[in-house]
Amino acid sequence: MAEYLSTNKKKITAPHFFEMKNSGEKISWLTAYDFTTATIVDQAGVDAILIGDSASNVMLGNQTTLPITVEEMIFHARAVARAVKHALVVCDMPFGSYQVSEEEGVRNAIRIMKETDVDAVKLEGGEEIAHMVKRIVDAGIPVCGHLGLTPQSVHKFGGYGLRAKEEAEAAKLMADAKALEEAGCFCIVLEKVPAKLAEEVTKAVSCATIGIGAGNKTDGQVLVYADMLGMNKGFKPKFLRQYANLYEIMTDAIGRYVQDVKSSDFPNESESY
Ligand code: KIV
């Protein structure tokens with residue numbers, strides 16, 4: 001049996017990320033939001049699975065990540081955690097769950113950990129949330145940061161464009177990364193920033209950096225599974241490599257099923273009791 005299919009492969013933990021960074025082993029992440037997908041993603045051998053608040057778009061059809069609630073994230077995270085044997089499982093803290101106060105942020109992080117069986121949480125933001133990150137880490141919860149394009153702030157940015165092109169924003173991002181490292185983050189997602197800046201941040205911090213649209217010098221990469229499998233027709237940003245066209249494959253399969261039902265070809269004798 002292929003090694004990645006074995007069920008006794010060791011579970012990845014947050015401290016492994018430091019080892020992987022230091023040994024130069026690249027870290028692979030994908031999102032998942034349900035049991036069946038998480039089972040496939042885990043068995044295919046990824047190092048980490050993110051229950052991203054992109055579930056708001058991918059699973060629930062919202063325009064942004066803002067509407068998804070703590071309860072909805074917990075619903076998805078529980079299904080994913082039930083499936084995963086090997087990968088580290090990280091759950092996004094949704095918009096509104098940590099912006100009001102440090103107390104509320106810590107309480108929501110603890111709630112997510114207690115109710116889902118995930119291994120870590122992820123928050124968007126830099127220096128302004130570093131105090132809260134430290135409190136969550138002090139509570140024993142591994143925290144992943146998220147800088148650059150932070151979709152929970154889409155209305156502040158006015159869109160989903162490349163971040164930190166200008167010197168001042170790049171300097172702020174570097175300071176934010178150091179503040180998150182200092183606060184105890186075990187890794188930081190860098191979304192849609194220039195590759196050169198992502199490389200500099202990667203060299204400057206001791207925790208792992210995970211890029212999405214941030215070039216290939218980060219310690220790892222993350223993609224939304226539905227995007228890399230080509231499930232969203234017409235969604236093809238520059239940073240995305242599409243590994244399959246499931247939109248076409250699924251549409252074709254479902255179309256043939258419909259035809260077979262209409263023509264009474266399905267079920268046939270061997271498919272009947
Ligand atoms: O919500 C999400 O899927 C994410 C990744 C794009 C990093 O935050």
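Below is a chat between a trainee and a mentor about this predicted protein model.

Trainee: Before I dig in, what are the ground rules for this predicted model?

Mentor: It is a predicted model, so local features need pLDDT of at least 70 and side-chain atom pairs count only at pLDDT 80 or more, while totals for chains, interfaces and linings use all residues. Residues are numbered from 1 along each chain as its sequence is written, and side-chain values use heavy atoms, with hydrogens and water left out.

Trainee: Cool. How many helices and strands does the protein chain have?

Mentor: Eleven helices and eight strands. Those are DSSP runs numbered from the N terminus: H or I over at least four residues for helices, E over at least two for strands.

Trainee: And what's the radius of gyration of the protein chain?

Mentor: 20 Å, which agrees with the value near 19 Å for a compact globule of 273 residues. The radius is taken over C-alpha atoms, and the globule rule is 2.2 Å times the number of residues to the power 0.38. Along the principal axes, the C-alpha atoms fill a box of roughly 65 × 40 × 40 Å.

Trainee: What share of the residues is buried?

Mentor: 47% of the 273. Buried means under 20% relative accessible area, exposed is over 50%, and partly exposed is in between (1.4 Å probe, protein chains only).

Trainee: Let's talk strands. Why call β7 largely enclosed?

Mentor: Because five of the five residues in β7, residues 208-212, are buried. Both faces are covered: A208, I210 and I212 sit on one side, T209 and G211 on the other.

Trainee: Which strand is joined to β7 by bridges, and how do they run?

Mentor: β6, residues 187-191, runs parallel to β7 and is joined to it by five bridges. Strands pair if DSSP finds at least two bridges between them. If you want a spot to click on, E191 stands opposite I212 in β7.

Trainee: Switching to backbone geometry: where's the cis peptide bond?

Mentor: Between F266 and P267, with omega at about -5°. P267 lies in the segment after α11 (246-262).

Trainee: What about S264, what's its phi?

Mentor: Positive, about 60°, although S264 is not a glycine. S264 also belongs to the segment after α11.

Trainee: Then there's D117. Where is that one?

Mentor: D117 is in the loop between α5 (102-116) and β4 (120-122). Its phi is positive too, about 70°, and D117 is not a glycine.

Trainee: Is D117 buried or exposed?

Mentor: Exposed, because its relative accessibility is 59%. S264 counts as exposed as well, at 59%.
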